[in-house]
Structures are given as structure tokens and as C-alpha cells.
Amino acid sequence: MRDSEHIKTVADTWQEHWKNSDMAPDSSRQGRFLRWYISKFGGFAINRLVLTVLEKQLGSPKGKSILDAGCGTGLNSLPLAARGAEVTLLDIAPEALNIAETYYQELELKANYVSGSIFEMPFEDGEFDLVWNTGVIEHFEPRERKQAVSEMLRVMKPGGFMITFNPNASAPVYQRAKAKAEARGTWDVGFELPIETLSADVSPDEYEVTEWSLGWFFQYQFYKYLIPSALKIPFVATHEVTQSLLPFLNRPEGYFLVSLIRKKQK
Ligand SMILES: C[S@@+](CC[C@H](N)C(=O)[O-])C[C@H]1O[C@@H](n2cnc3c(N)ncnc32)[C@H](O)[C@@H]1O
């Protein structure tokens, strides 16, 4: 498939984002702190939140082949690698994969790092027990999103499953903060279309889609776009500590729409 102008713009936006990312575990004070934090806690509160959901569906990750398509920093799949999964990290931005590799190496964890597009992944049909991502397909137009879902399903093993975590079209706090940030010009991750459902993106005869929402407290993180920049780090740090200490705050409906897709047994 030939990439549309929109797909290229999304790739360019993210390549630029990762080049200047404040998530880089570099030699700066912040970079060294991030390395220490990830080594000590195995990720952020949000990584632990998605892990809880995944493990319920997956059982033990040991020996399972897992593709994180649009992995960014790879931190969502890092605990799976730590629990013995064979993790493949794919992203369009090589800079994101470099960041991921630094975090994994710090913990002596292995992964396959693949630079490529979710629209045409360099994998055989049915290679992975689990194909997943968080925060990727909402960056595409609905027609493109459907193509990305279809490519993710192509590489899923028979009997495996696909799961995505995306901004929920019914998350009021996030929606308000995003709209205000866009109006003020402080929204920095480009096009993002919250999702109502992925049901229409797959054939109902072939696939079963189960969806639910969580991440009530996580939504408030988007206020970082609306406060003075000097307060951003203290705000994000306080939000992170609160979520870590009170994980139940994320159980009610909120930022994430979780979409679990399995092939129907004939
Ligand atoms: C919002 S970030 C999410 C990163 C990560 N999944 C997370 O939750 O932290 C979106 C990611 O999608 C990647 N991306 C954008 N276009 C892509 C494409 N065509 N193929 C694969 N990855 C892409 C970006 O580089 C970026 O890492």
C-alpha cells in the first residue's frame, strides 16, 4: 500500500517528537533520573495499568511472542520481556527504538527492534501470540486505522489475540483538555482522533470484538498542556506518584478504550 500524505505527516511528527523527547534516557539529569526510575519500578503507572489488563487476557507471558506495533519507548512491553516473553518492538521512528533499546539494555532485557510501518509490517502471517499497542491507531484517519487493524490481525497467530488501548471518545476530561490545548496551540502530538469502537473496522463474521474503558485518573494528565511550562514537571511527577500509590483511581471508565479482538472459532 502507498502511504497517504496523512500517514507520512504522522510519521514526520513522531520522528521529530522522538528526536527531542524528554523521555530520552540520556546523560542529562532528567535522563539519568528516568533510567533510575525505570530500573527501580519497571515503568510508569500507566505501564503497570496496561500490564494488569494484558496479563488477565494473556496469562503468563513466558515464551509468548509479542508484537508491540508503534512501541515508542517500548516501556509498555518491558515488563512482558522481564517476565520471559519474546518481545518485538516495531516503530516508524528509529529514535524511539534507540530510546527503547537503552531502557531494555539497562535491565539486561532482550527484544527485537524493527524499524518499520504498521501499514506494511515485515512479518509473516500468524507470527505472534499477541499483537498490541497503546496510543497508535488514533493518529490515523478512520480508513487508515482500519488498514492498520487489518495488518495487525494478519500477523496474529490463529488462537492469539490483538489488543489496543486508545483515547476513548467518551472521556470528558481528556476531550476538554485536548480541545483547549489545540485552541491554545500547546497540543504537541498532532492529529489524534479518539475512538468510539473498533467494531466497524473488522469483519463481524470473522472476529469478536470486546471493548471497555478505564483510566479515569489518567485523563487529568492532559492538563499538563494547559498549565505554565515551569509547572509541567512537578505536575506530571505528582500525577505519576498519585497514580502509583492509588492505582484504583484508574479502574473506573476514563481515558482508555480497550479493544480486544479474537478470531471467531468456526
Ligand atoms: C502516542 S505514541 C505511542 C507510543 C507507545 N505505544 C506508548 O504508548 O508509549 C505513537 C507511536 O506510533 C509511532 N508511529 C507513527 N506512525 C507509525 C507507523 N506508520 N508505523 C509504526 N509506528 C508509527 C510513533 O513513532 C510513536 O512512537
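**View 1. How α2 and α5 pack in this predicted model.** Here's the pair formed by helix α2, residues 29-41, and helix α5, residues 94-106. Their axes sit 10 Å apart and meet at an angle of about 55°. That angle makes α2 oblique to α5, because it falls in neither the range from 65 to 115 degrees that counts as roughly perpendicular nor the range under 35 degrees that counts as roughly parallel. As for handedness, α2 and α5 cross in a right-handed way.

**View 2. The shell around the ligand.** Count the neighbours and you get 20 residues surrounding the ligand. The closest are G70, D91, I118, T134 and G135. Sorted by type, the shell holds 11 nonpolar residues, eight polar ones and one charged residue.

**View 3. Polar contacts to the ligand.** Zoom in on D91, one of the closest residues: a polar atom of the D91 side chain is 2.6 Å from a ligand oxygen. N76 also uses its side chain, with a polar atom 3.2 Å from an oxygen of the ligand. I118 works through its backbone instead, where a polar atom lies 2.9 Å from a nitrogen atom of the ligand. How much of the ligand does the protein cover? On its own, the ligand has 600 Å² of accessible area, and the protein covers 89% of that.

**View 4. Helix and strand contributions to the shell.** Two elements, α1 (5-19) and β2 (86-91), each give two or more residues to the shell around the ligand. Of these, α1 gives the most, with three residues.

Technical notes:
Residues are numbered from 1 along each chain as its sequence is written. This is a predicted model: local features need pLDDT of at least 70, side-chain atom pairs count only at pLDDT 80 or more; totals for chains, interfaces and linings use all residues. Side-chain values use heavy atoms; hydrogens and water are left out. A residue is near a molecule or strand if one of its heavy atoms lies within 4 Å of it. A polar contact is a pair of N or O atoms within 3.5 Å; within protein, one must be able to donate a hydrogen and the other to accept it, and residues adjacent in sequence count only if both atoms are side-chain atoms. Accessible areas come from the Shrake-Rupley method with a 1.4 Å probe; for residues, only the protein chains shown count as cover. Helices (H or I, at least four residues) and strands (E, at least two) are DSSP runs, numbered from the N terminus. Ala, Val, Leu, Ile, Met, Phe, Trp, Tyr, Cys and Pro count as nonpolar, Asp, Glu, Lys and Arg as charged, and the others, Gly among them, as polar. Axes are lines fitted to C-alpha atoms, for helices over the stretch in contact, and angles run from 0 to 180 degrees between N-to-C directions. Angles under 35 degrees count as roughly parallel, over 145 as roughly antiparallel, 65 to 115 as roughly perpendicular and the rest as oblique. A crossing is left-handed if the near helix is turned anticlockwise from the far one by less than a right angle, and right-handed if clockwise.
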